[in-house]
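Subject: Structure handover

Hello,

Here is the structure I promised to pass on to you. Have a look at it first, and then read on for what turned up in it.

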Amino acid sequence: MEPLETIYVEDDDQEAFIMRVGMRRQGVTILHVPDITPETVTQLTEAPYDRAAAVIFDAILAGQNGVELAEKLREIGDQRPVFLLTAGENPNPKLLRSLNIYYLRKPPHFENLAKMIRELAG
């Protein structure tokens, strides 16, 4: 299995640590981004993040909305697989479908998530 990098936008360091450990076992390296805004989301298209195969947004970030950040990423042309991770219910399924964003419920099943990333990233 070839190593793969994935961005995880999460403001909680403990959540990010759990994701890093769980995904490492699946051959996926997590590039943790703790703080991002609609104005700085373009950094995800620059080194070292540009080589990541997918992007995972936490739904609720300090002062930010993960769906809005994902939407902004799509607006600037990023076509990588994007996942929205939340402990809540599926927020606006129609909007997520229109933006080609995959909904995941916390806690993720790391093996299944890694498999989805590999399949979608080609």
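Helix H2 is followed by Gly77, a residue with a positive phi, near 95°. This is a predicted model, so please read everything below in that light. At the other end of H2, Asn65 acts as the N-terminal cap, with a side-chain oxygen 2.7 Å from the backbone nitrogen of Val67.

The buried residues of H2 are Gly66, Val67, Leu69, Ala70, Leu73 and Arg74. They sit on the same side of the helix, because the arc they cover around the axis is only 160°. What do they pack against? The partners are S3, strand S4 (60-61), strand S5 (64-65), S6, helix H3 (93-98) and strand S7 (101-105).

H2 also holds a salt bridge, between Glu75 and Lys72, whose closest N and O atoms are 4.0 Å apart. These two are three residues apart in the helix, which means about one helical turn separates them. Glu75 is exposed at 57% relative accessibility, while Lys72 is partly exposed at 31%.

Now to the interior. The largest nonpolar core has 22 residues, and Ile7, Val9, Leu44 and Phe57 are the members that touch the most others. Two or more residues each come from strand S1 (4-9), strand S2 (28-33), strand S3 (54-58), helix H2 (66-75) and strand S6 (82-86). H2 is the biggest contributor to this core, with four residues. Leu44 is worth a click: beyond its neighbours within four places in sequence, Leu44 contacts Ile7, Val9, Val33, Ile36, Tyr49, Asp50, Val55, Phe57, Leu73 and Arg80. There is also a second, separate core of 16 residues, with Val28, Ile30, Leu85 and Leu113 among them.

You may like His32, which is placed in strand S2. A polar atom of the His32 side chain lies 2.6 Å from the backbone oxygen of Glu10. Setting aside residues up to four places away in sequence, His32 touches Tyr8, Glu10, Asp13, Ala16, Arg20 and Tyr49.

On aromatics, the count is one pair. Phe83 and Tyr102 form it in a tilted arrangement, 5.5 Å centre to centre with 35° between the planes. The pair links distant parts of the chain, since Phe83 is in strand S6 and Tyr102 in strand S7, 19 residues apart. Are these two buried or exposed? Phe83 is buried, at 0% relative accessibility, and Tyr102 is partly exposed, at 26%.

Salt bridges come to six. In one of them, the side chains of Arg51 and Glu5 meet at 2.5 Å, N to O. Arg51 is in the loop between S2 and S3 and Glu5 is in strand S1, so this pair ties together parts 46 residues apart in sequence. Arg51 itself is exposed, with a relative accessible area of 53%.

Another bridge joins the side chains of Glu15 and Lys106 (3.9 Å, N to O). Glu15 belongs to helix H1 (residues 13-24) and Lys106 to the loop between S7 and helix H4 (110-121), so the parts tied together here are 91 residues apart in sequence. Both ends are partly exposed: Glu15 has a relative accessible area of 29% and Lys106 one of 23%. Glu15 and Lys106 are also part of a salt-bridge network, together with Glu10 and Asp58.

Happy browsing, and best wishes

Technical notes. Residues are numbered from 1 along each chain as its sequence is written. This is a predicted model: local features need pLDDT of at least 70, side-chain atom pairs count only at pLDDT 80 or more; totals for chains, interfaces and linings use all residues. Side-chain values use heavy atoms; hydrogens and water are left out. A nonpolar core is a set of buried Ala, Val, Leu, Ile, Met, Phe, Trp, Tyr and Cys residues joined through side-chain atoms within 4.5 Å. Buried means under 20% relative accessible area, exposed over 50%, partly exposed in between (1.4 Å probe, protein chains only). Contact means heavy atoms within 4.5 Å. The arc is that of the directions from the helix axis to the C-beta atoms. A polar contact is a pair of N or O atoms within 3.5 Å; within protein, one must be able to donate a hydrogen and the other to accept it, and residues adjacent in sequence count only if both atoms are side-chain atoms. Rings of Phe, Tyr and Trp (its six-membered ring) pair if their centres lie within 6.5 Å; planes under 30 degrees apart count as stacked, over 60 as edge-to-face and the rest as tilted.
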